[in-house]
Amino acid sequence: MASSEEDGTVEEKETNNKKRTKSALATAWLTFYNIAMTAGWMVLAMAMMRFYIQKGTHKGLYRSIARTLKFFQTVALVEVGHCAIGIVRTSVIVTGVQVCSRIFMVWFVTNSIRPIQNEESVILFLVVWTMTEITRYSYYTFNLLNHLPYFIKWARYNLFIVLYPVGVVGELLTIYAALPFVRRSGMYSTRLPNIYNVSFDYYYCLIIVMLSYIPLFPQLYFHMLRQRRRVLHGEVIVEKDD
């Protein structure tokens with residue numbers, strides 16, 4: 001009997017040690033990831049400021065930072081994986097919608113449709129994204145290091161109140177500006193008849209994407225407001241089951 005109890009104790013210790021090791025590795029990876037992403041978005045911010053100071057115009061700014069923007073925004077897909085494997089306690093759906101919508105804006109709208117790259121709306125959402133991401137990744141980094149300055153915590157859960165809607169306006173105006181070109185060019189569209197017997201119109205796809213902001217934006221925005229109340233004011237948020 002004593003032997004089985006000792007064996008059980010040894011197994012529990014081994015299990016606990018494995019959990020601690022996994023937790024330490026996850027924390028180390030997340031710290032590295034968030035530091036790298038903070039640095040990446042700060043590089044983007046400095047590149048945008050330098051371009052505007054030197055040129056005195058926003059025209060050409062997107063093309064000057066496109067490669068860096070595409071890299072760091074695409075790398076953010078890793079965050080969906082973080083949620084899926086459980087090392088970050090955030091909804092996979094919420095994270096997936098936010099990350100994929102950004103990637104869609106970068107690759108399938110702004111990068112693909114050159115005539116809109118000099119639109120003021122592009123600069124609008126780029127500035128908002130940059131401010132948001134520097135704040136967000138800084139918050140995560142300092143939180144993981146257990147040295148979170150209050151002003152970063154405050155910025156994380158207050159700036160979004162203005163930045164989030166402004167960023168959405170920039171994205172919607174950019175998609176709207178792309179519609180005439182997409183309709184004229186027929187880009188990414190497939191007409192019947194064809195060997196696949198499938199029709200797809202990218203013009204209407206973009207309209208559907210714009211309409212999807214109507215149900216999605218309030219949900220994501222109020223989710224952040226609930227997080228704000230919980231973190232800044234210590235309110236206990238009770239999630240209702242559907």
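**Group meeting: the cores and the charged network of a predicted model**

The largest nonpolar core in this structure has 39 residues, and those with the most contacts inside it are Trp41, Leu69, Val109, Leu126 and Leu206. Six helices, namely H1, H2 (61-75), H4, H5, H7 (160-185) and H8 (202-233), each supply at least two residues of this core, and H1 gives the most, with seven residues. Please keep in mind throughout that what we are looking at is a predicted model.

Let me take one residue of that core as an example. Leaving aside neighbours within four places in sequence, Leu206 is in contact with Phe104, Val109, Ile175, Leu179 and Val182. There is also a second, separate core, which has seven residues, and Ile152, Phe160, Met224 and Val231 are among them.

Now I would like to turn to the record. UniProt, in an unreviewed entry, places the feature "transmembrane region" at residues 26-48, 93-110, 122-139, 159-182 and 202-222. We can look at two of these spans in the model: residues 93-110 are 100% helix, with their end C-alpha atoms 24 Å apart, while residues 122-139 are also 100% helix, with their end C-alpha atoms lying 26 Å apart.

Next come the charged side chains. How many salt bridges does a search of the whole structure find? The search finds four, and I will go through three of them with you.

In one, Arg136 pairs with Glu79, and the closest N and O atoms are 3.3 Å apart. Since Arg136 belongs to helix H5 and Glu79 to helix H3 (residues 78-85), the pair ties together parts that are 57 residues apart in sequence. Both of these residues, Arg136 and Glu79, are buried.

In another, Arg102 forms a salt bridge with Glu133, again with the closest N and O atoms 3.3 Å apart. Here Arg102 sits in helix H4 and Glu133 in helix H5, so this pair ties together parts that are 31 residues apart in sequence.

The remaining one of the three joins the side chains of Arg136 and Glu133, at 2.9 Å from N to O. Both residues lie in helix H5, three residues apart, which is about one turn of the helix. Why do we count Glu133 as buried? Because its relative accessible area is 4%, and buried means under 20%; by that rule Arg136, at 13% relative accessibility, counts as buried too. Through shared partners, the salt bridges join Glu79, Arg102, Glu133 and Arg136 into one network.

Close to the end of my list is Ser138, which also lies in helix H5 (residues 120-144) and is buried, with a relative accessible area of 13%. Not counting residues up to four places away in sequence, Ser138 touches Thr38, Glu133 and Ile152, and Glu133 is a member of the network I have just described.

Let me finish with two places that have some accessibility. Asn118 is found in the loop between helix H4 (92-110) and H5, and Asn118 is partly exposed, with a relative accessible area of 34%. Although Asn118 and Gly60 are 58 residues apart in sequence, they are 6.4 Å apart in space, C-alpha to C-alpha, and beyond its sequence neighbours within four places Asn118 is in contact with His58, Lys59 and Gly60. The other place is a nonpolar surface patch of about 530 Å², made by Met42, Val43, Met46, Met49 and Ile53. Of these, Val43 is found in helix H1 (residues 2-55) and, at 43% relative accessibility, counts as partly exposed.

Note on methods: Residues are numbered from 1 along each chain as its sequence is written. This is a predicted model: local features need pLDDT of at least 70, side-chain atom pairs count only at pLDDT 80 or more; totals for chains, interfaces and linings use all residues. Side-chain values use heavy atoms; hydrogens and water are left out. UniProt positions are given in the numbering used here, feature names are shortened, and annotations may be inferred rather than shown by experiment. Helices (H or I, at least four residues) and strands (E, at least two) are DSSP runs, numbered from the N terminus. Buried means under 20% relative accessible area, exposed over 50%, partly exposed in between (1.4 Å probe, protein chains only). Contact means heavy atoms within 4.5 Å. Patches are made of residues with over 30% relative accessible area and no salt bridge: like charges are joined within 9 Å, nonpolar side chains (Val, Leu, Ile, Met, Phe, Trp, Tyr) within 5 Å. Accessible areas come from the Shrake-Rupley method with a 1.4 Å probe; for residues, only the protein chains shown count as cover. A nonpolar core is a set of buried Ala, Val, Leu, Ile, Met, Phe, Trp, Tyr and Cys residues joined through side-chain atoms within 4.5 Å.
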